[in-house]
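Student: Could you take me through one part of this structure closely, namely the place where two neighbouring helices meet, and then set it in its surroundings?

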Amino acid sequence: MNRKKLLTGPYLFWAVAFILIPLAMVLYYGLTDVDGHLTYENLLAIGTVENFKALCLSLLLSIVSTVICLLLAYPLAMILSGMKVNQTSFIVLIFILPMWMNFLLRTMAWQTLLEKNGVINQLLDFLHLPSIQLINTPYAIILGMVYNFLPFMVLPLYNVLSKIDKDIISAARDLGATELYTFRKIIFPLSLPGVVSGVIMVFVPALTTFVISDLLGGSKILLIGNVIEQKFKQGSNWHTGSGLSLVLMVFILISMVVTTKYDKDGQGGMF
């Protein structure tokens with residue numbers, strides 16, 4: 001027993017040093033002013049016109065990106081779950097490979113594709129078609145979110161769908177159930193833990209991102225993540241930045257509650 005306690009020592013040190021202490025600092029700065037007095041003004045700062053607009057835009061873009069990821073990932077996960085193991089492993093590897101590359105580099109690559117004289121507009125010009133203003137728009141940000149976070153939707157869905165007993169689906173079809181009815185009554189309900197896990201794993205980082213909106217939005221479109229970044233880096237206003245971060249933590253806590261409710265057994269994990 002003592003040896004087991006010693007083995008947990010490094011993990012406890014990591015949790016305290018890099019999780020609990022940073023969270024405690026955010027909580028302290030978010031609930032105090034420059035003089036160290038308790039205040040709720042940092043939390044209420046989310047109600048200002050600029051911050052509330054940034055929060056609403058972040059929610060809108062993250063919801064749209066999450067829905068697009070779900071619509072793209074679910075059919076793909078169903079196809080992967082029905083393929084042979086060797087073929088599936090290769091295709092899953094293709095989705096995992098971009099995640100091994102630096103997040104910043106992946107986003108900068110899309111910047112090169114979408115800019116005014118980028119690859120896409122050069123191709124349109126070659127085809128004698130009018131150019132499209134893609135960069136520095138909400139559509140570019142959504143595209144960047146979908147590209148970067150799509151694997152986080154595909155893998156949980158594939159993990160759940162591949163575990164569904166095929167005999168249940170065969171039995172439903174033998175009893176006369178149509179493809180649509182089988183999907184509505186059997187496949188989708190059984191895959192719900194993966195859906196919830198994937199939605200949360202896409203929605204939360206999309207809501208809090210600032211790199212994608214910086215590069216693909218040209219710093220012209222402010223999301224709540226950009227506002228928080230500016231509070232810390234440009235204005236050195238740690239108190240307001242921490243207060244806004246605490247507001248975002250509310251969404252993270254809600255997502256944790258939803259995950260616990262619909263994925264009690266952890267079936268929607270990525271692996």
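Tutor: In this predicted model, the contact to look at is the one in which F188, P189 and L190 of α9 meet L192, P193 and V195 of α10. Sorted by class, this contact of α9 with α10 holds 6 nonpolar residues, with no polar and no charged ones. Helix α9 covers residues 179–190 and helix α10 covers residues 192–208, and the two pack with their axes 4 Å apart at an angle of about 50 degrees. Angles from 35 to 65 degrees fall outside the parallel and perpendicular ranges, and α9 and α10 are therefore oblique to each other.

Helix α9 also takes part in the largest pocket, for it is one of the elements that give two or more residues to the lining, together with α3 (49–81) and α8 (166–174). That pocket has a volume of about 170 Å³, and its lining includes E179 and I187, as well as M78, S81, K166, I169 and R173. The largest share of the lining, 3 residues, comes from α8. In contrast to the helix contact, where the classes are 6 nonpolar, no polar and no charged residues, the pocket lining has 5 nonpolar, 2 polar and 3 charged residues.

As for the wider chain, the unreviewed UniProt entry places the feature "transmembrane region" at several spans, among them residues 12–31, 51–76 and 182–204. In the model, residues 12–31 are 95% helix and 0% strand, with end C-alpha atoms 26 Å apart, while residues 51–76 are 100% helix and 0% strand, with end C-alpha atoms 37 Å apart.

Methods:
Residues are numbered from 1 along each chain as its sequence is written. This is a predicted model: local features need pLDDT of at least 70, side-chain atom pairs count only at pLDDT 80 or more; totals for chains, interfaces and linings use all residues. Side-chain values use heavy atoms; hydrogens and water are left out. UniProt positions are given in the numbering used here, feature names are shortened, and annotations may be inferred rather than shown by experiment. Axes are lines fitted to C-alpha atoms, for helices over the stretch in contact, and angles run from 0 to 180 degrees between N-to-C directions. Angles under 35 degrees count as roughly parallel, over 145 as roughly antiparallel, 65 to 115 as roughly perpendicular and the rest as oblique. Contact means heavy atoms within 4.5 Å. Ala, Val, Leu, Ile, Met, Phe, Trp, Tyr, Cys and Pro count as nonpolar, Asp, Glu, Lys and Arg as charged, and the others, Gly among them, as polar. On a 1 Å grid over the protein atoms alone, a cavity is a set of points where a 1.4 Å probe fits but cannot get out, and a pocket is an open set with protein on both sides within 12 Å along at least five of seven lines; lining residues have an atom within 4 Å of a point. Grid points are joined across faces, edges and corners, and a volume is the space filled by probe spheres set on the points.
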